[in-house]
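I opened my notebook and looked at this structure piece by piece. Here is what I looked up, in the order I went.

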2 protein chains.
Amino acid sequence: MRAAVYTAAGDVDVIRIEHRPDPEPGPRQVRVRVRASALNRADLLQRRGRYAAPPGWPQDIPGLEYAGEVEALGADVARWGVGDQVMGLVGGGGQAERVVVHEDEAMPVPHGLTLTDAAAIPEAFLTGYDALLTRGQLRAGERVLIHAVASGVGTAAAQIAHRLGATVLGTSRSAAKLARAREYGLDLGIDTSSAGFRDAVREPVDLILDVLGGGAFAVNLAVLGPHGRLVMLGFLTGSRADADLDVVLRKRLTIVGTVMRTRSLPERALLAQEFAERMLPLFIAREEEPAALRPVVGLVLPMTELAAAHRAMEASETFGKVVLVWS
Amino acid sequence: MRAAVYTAAGDVDVIRIEHRPDPEPGPRQVRVRVRASALNRADLLQRRGRYAAPPGWPQDIPGLEYAGEVEALGADVARWGVGDQVMGLVGGGGQAERVVVHEDEAMPVPHGLTLTDAAAIPEAFLTGYDALLTRGQLRAGERVLIHAVASGVGTAAAQIAHRLGATVLGTSRSAAKLARAREYGLDLGIDTSSAGFRDAVREPVDLILDVLGGGAFAVNLAVLGPHGRLVMLGFLTGSRADADLDVVLRKRLTIVGTVMRTRSLPERALLAQEFAERMLPLFIAREEEPAALRPVVGLVLPMTELAAAHRAMEASETFGKVVLVWS
């Protein structure tokens with residue numbers, strides 16, 4: 001099979017397409033013929049040598065998600081048959097033509113979606129769902145602030161939060177992206193290209209999905225209301241924080257750090273199945289009613305142009321997800 | 001009635017015993033003849049003018065807990081009769097001869113305990129229970145680190161955690177207090193009089209009950225294991241923190257700030273009733289079996305010596321609770 005490979009740690013010139021042996025499915029595993037995979041910031045960190053793949057996953061083949069067809073079954077597989085369209089998360093190796101995954105962590109591709117669209121779902125929507133619901137305990141009527149709302153996770157979380165009846169605030173350094181994000185449930189866009197978000201938030205928020213990290217920590221705590229929750233997903237502004245924790249007690253805040261990639265198989269399987277049951281039906285349009293949730297594909301490139309995809313994401317030129325397709 | 005009063009913000013010389021009108025119970029309220037009240041660090045902060053009583057409670061009469069007998073009933077009281085022995089939390093005013101409380105937030109004094117013992121229960125045990133269970137999600141077999149384990153909350157939390165099947169680590173700046181705390185469920189005492197606690201913890205812990213705050217924040221994060229929880233209850237070392245939050249994501253930590261005093265009546269009532277049901281039976285000795293939970297009364301003084309009680313707590317001379325009694 002062909003696979004995208006990082007030949008070393010470095011700039012985009014370390015990316016190559018190489019040939020590798022096809023992986024073989026073990027018991028309760030399926031082999032998927034990958035048609036599309038999306039790009040994540042974790043892929044960029046890994047390319048720079050700053051985020052190794054967890055044990056048990058390909059170390060030099062990047063890619064944290066996939067969509068494709070089941071093409072071979074290991075022993076005792078009950079959930080899938082050859083030809084089924086599936087999508088899901090992997091700890092690494094998603095940007096190869098074939099991946100092997102446990103049958104319990106694959107999800108069905110919602111009816112009516114292309115595999116290119118489907119590849120934009122797993123990381124963004126599972127992360128958003130888990131952060132909003134499981135970690136963040138979001139309830140209808142609450143106010144949620146989503147940093148980098150024009151990103152893959154941001155546009156997914158905005159849609160889920162909107163669907164759940166929350167008021168959605170979001171930040172971006174691009175007014176044009178904020179305008180687009182309104183199509184995905186954003187109620188109040190905050191342009192942080194020239195000023196911070198503190199004053200623009202106006203009323204306190206109940207929940208923050210944060211990819212900014214240390215640089216935003218103190219202001220995040222400041223804009224949370226009583227019993228507010230700060231779910232930390234990334235460190236775009238670094239991880240060092242200097243803050244007065246007095247408000248954490250006074251407002252009885254909860255700060256939760258979360259990361260998808262290092263989770264155990266049972267955890268990933270549980271999340272995939274819960275998400276498949278509760279959220280996947282919302283990707284399907286009904287008569288006279290558009291789908292409540294839509295994958296947000298901002299850019300599609302052939303896998304052979306993975307380096308260009310990295311550059312586009314590093315330059316923050318993208319809206320929603322960047323999807324790579326095998327042809 | 002007589003009441004302890006802070007005549008101004010300042011040192012212990014602002015404490016007086018004065019006469020005040022008896023409070024009258026409104027609908028669903030009871031008036032309690034207070035026999036004993038315990039001292040809390042919040043009382044010391046309030047005396048210094050740094051922690052005002054929440055609205056609706058006496059502003060100049062300190063005291064966050066009480067034990068005594070019901071002596072008058074407001075309209076529609078169903079839960080209590082005159083003469084019943086009760087104990088509980090108040091937002092202020094506990095160090096008076098009479099307090100008025102909603103019937104739903106009073107708890108029965110466990111059979112066999114004196115009112116002096118009972119006064120040592122509410123703040124310490126409700127805080128410990130809420131921090132360990134509700135906020136901290138403690139499970140049997142986990143390792144919990146309790147800072148200031150010789151304090152009222154510390155000795156209460158150690159007993160509850162031990163009873164729940166956790167391994168209990170605790171810090172104190174006094175080796176003698178650590179030795180005494182072993183009687184209350186402490187498994188590993190860490191003397192922080194001359195060194196920090198980081199190395200002494202050895203294996204990661206699952207839960208930390210922290211009253212130290214900013215000065216211990218980074219090391220607390222460091223000694224937590226995967227999915228660890230840091231429950232913040234106070235700021236003995238200040239509230240300013242400088243830390244690398246990378247571990248919050250990497251280990252998927254949860255940081256929860258909590259405070260008892262500003263809670264709403266429904267919240268306090270819910271906690272009191274849950275605690276009464278699940279924990280109060282454990283204060284009663286059975287045949288051949290000592291009680292699993294014991295109030296820890298380190299010092300008993302008449303209310304007229306409240307200033308001496310403040311000085312003892314400020315000098316960290318006390319073990320467990322300091323109880324003030326009316327005579």
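**Entry 1: a residue to start with**

Does B:Thr155 count as buried or exposed? I found that B:Thr155 has 1% relative accessibility and so counts as buried. For my notes, buried means under 20% relative accessible area, exposed means over 50%, and partly exposed is in between, with a 1.4 Å probe and protein chains only.

Before going on, I noted that this is a predicted model, where local features need pLDDT of at least 70, side-chain atom pairs count only at pLDDT 80 or more, and totals for chains, interfaces and linings use all residues. Residues are numbered from 1 along each chain as its sequence is written, chains are lettered from A and ligands numbered from 1 in the order in which they are written, and side-chain values use heavy atoms, with hydrogens and water left out.

I placed B:Thr155 in helix H4 of chain B. Helices (H or I, at least four residues) and strands (E, at least two) are DSSP runs, numbered from the N terminus. Leaving aside neighbours within four places in sequence, I listed the contacts of B:Thr155 (heavy atoms within 4.5 Å). They are B:Val149, B:Ala150, B:Tyr184, B:Val296, B:Phe319 and B:Gly320.

**Entry 2: B:Ala150**

I followed one of those contacts, B:Ala150, into the loop between S8 and helix H4 (152-163) of chain B. B:Ala150 has 5% relative accessibility and counts as buried. Leaving aside its neighbours within four places in sequence, B:Ala150 touches B:Thr155, B:Ser172, B:Lys177, B:Thr318, B:Phe319 and B:Gly320. I also looked up B:Thr171, which is 21 residues from B:Ala150 along the chain, with 8.1 Å between their C-alpha atoms.

**Entry 3: a residue on the outside**

For contrast I chose A:Arg173, in the loop between S9 and helix H5 (175-181) of chain A. A:Arg173 is exposed, with a relative accessible area of 65%. Beyond its neighbours within four places in sequence, A:Arg173 is still in contact with A:Asp191, A:Thr192, A:Ser193 and A:Ser316.

**Entry 4: the sheet**

Next I traced an open sheet of twelve strands with mixed pairing, in the order S10(A)-S9(A)-S8(A)-S11(A)-S12(A)-S14(A)-S14(B)-S12(B)-S11(B)-S8(B)-S9(B)-S10(B). Its edge strands are S10 (188-191) of chain A and S10 (188-191) of chain B, each pairing on one side only. Two strands pair if DSSP finds at least two bridges between them.

In the middle of my list, S14(A) and S14(B) pair in the antiparallel sense over three bridges. There A:Ile255 has B:Ile255 as its bridge partner. Strand S12 (residues 224-232) of chain A pairs with S14(A) in the parallel sense over four bridges, and A:Leu230 has A:Ile255 as its bridge partner.

Which way do the residues of S14 (residues 254-257) of chain A point? A:Thr254 and A:Val256 point one way, A:Ile255 and A:Gly257 point the other way, and all are buried. I remembered the rule that in a regular strand the side chains alternate between the two faces of the sheet.

Towards the chain B edge, strand S9 (residues 167-172) of chain B and S10(B) pair in the parallel sense over four bridges. I met B:Thr171 again here, with B:Ile190 in S10(B) as its bridge partner.

**Entry 5: a covered helix**

I then turned to helix H3 (residues 122-135) of chain B, which is mostly covered, with twelve of its 14 residues buried. Among the buried ones are B:Phe125, B:Tyr129 and B:Leu132. Just after H3(B), B:Gln137 takes a positive phi of about 55°.

**Entry 6: how the two chains meet**

How many residues of chain A are in contact with chain B? I noted 27 residues of chain A in contact with 27 residues of chain B. The area buried between the chains is about 2500 Å², and carbon and sulfur atoms give 53% of that. Buried area is the accessible area (1.4 Å probe) that two parts lose on being put together, summed over both. A:Leu245, A:Leu249 and A:Arg252 supply 29% of what chain A buries against chain B, more than any other three residues.

I finished with the interface residues of chain A: 100% of them are also interface residues in chain B, so the copies meet through the same surface.
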